[in-house]
Amino acid sequence: MSVLQYFLAEAVVAMAWAGPRPYDLRTGYISDLGALRCGISSGRDVCSPLNWLMNASFVVQGLGLMVGAVLLTSSLVGLTWTHQIVL
């Protein structure tokens, strides 16, 4: 689910892009969508009015990955522990 919210947020934020040229998903830097201020950044003119949404999406994506890693690890450790007891 966290992956789906990420792609949805990316599409919404890209559509709201207010830079001088439209945001291009193929060539634009994803970090530009989270830029806090409009202006020149590393030689690119960036302006992302919904930067808060993209940054929140980055956080949710990271938390989703961490929760998934913990659940997967605990499941694998539990499976290993169960097999050791049975043997």
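**Exercise 1. Describe the residues of the lining of the largest pocket and the space it holds.**

Solution. Begin with the residues of the lining of the largest pocket, which divide into six nonpolar, two polar and five charged, where Ala, Val, Leu, Ile, Met, Phe, Trp, Tyr, Cys and Pro count as nonpolar, Asp, Glu, Lys and Arg as charged, and the others, Gly among them, as polar. The lining has 13 residues, and Trp17, Arg21, Pro22, Gly28 and Asp45 are those that lie nearest the centre of the pocket. The space in this pocket comes to about 250 Å³. A pocket here is an open set of points on a 1 Å grid over the protein atoms alone, where a 1.4 Å probe fits, with protein on both sides within 12 Å along at least five of seven lines, and lining residues have an atom within 4 Å of a point. Grid points are joined across faces, edges and corners, and the volume is the space filled by probe spheres set on the points.

This is a predicted model, in which local features need pLDDT of at least 70 and side-chain atom pairs count only at pLDDT 80 or more, while totals for chains, interfaces and linings use all residues. Residues are numbered from 1 along each chain as its sequence is written, and side-chain values use heavy atoms, with hydrogens and water left out.

**Exercise 2. State which elements the protein has and in what order they run.**

Solution. The protein has two helices and two strands, taken as DSSP runs numbered from the N terminus (helices are H or I with at least four residues, strands E with at least two). Read from the N terminus on, these elements run α-β-β-α. Of the 87 residues, 23% count as buried, a word that means under 20% relative accessible area, with exposed meaning over 50% and partly exposed in between (1.4 Å probe, protein chains only).

**Exercise 3. Find the salt bridges and say how exposed or buried their residues are.**

Solution. The structure holds two salt bridges, each being a side-chain nitrogen of Lys or Arg within 4 Å of a carboxyl oxygen of Asp or Glu. In one, the side chains of Asp24 and Arg26 meet at 3.5 Å, N to O; Asp24 is partly exposed at 27% relative accessibility, whereas Arg26 is exposed at 73%. In the other, the side chains of Asp32 and Arg44 meet at 2.9 Å, N to O. Asp32 lies in the loop between helix 1 and strand 1 and Arg44 in strand 2, so this pair ties together parts that are 12 residues apart in sequence. Asp32 is buried, with a relative accessibility of 6%, and Arg44 is partly exposed, with a relative accessible area of 25%.

**Exercise 4. Locate Ser42 and describe its phi.**

Solution. Ser42 is placed in the loop between strand 1 (39–41) and strand 2 (44–46). Although Ser42 is not a glycine, its phi is positive, at about 55 degrees. Ser42 is also exposed, with 67% relative accessibility.

**Exercise 5. Work out which residues of helix 1 and helix 2 are buried or exposed, taking Glu10 and Leu65 as cases.**

Solution. Glu10 lies in helix 1 and is buried, at 14% relative accessibility. Between the C-alpha atoms of Glu10 and Met54 there are 6.5 Å in space, while the two residues are 44 apart in sequence. Leu65, by contrast, lies in helix 2 (residues 51–86) and is exposed, with a relative accessible area of 55%. Leu65 and Val3 are 62 residues apart in sequence, yet 9.0 Å apart in space, C-alpha to C-alpha.
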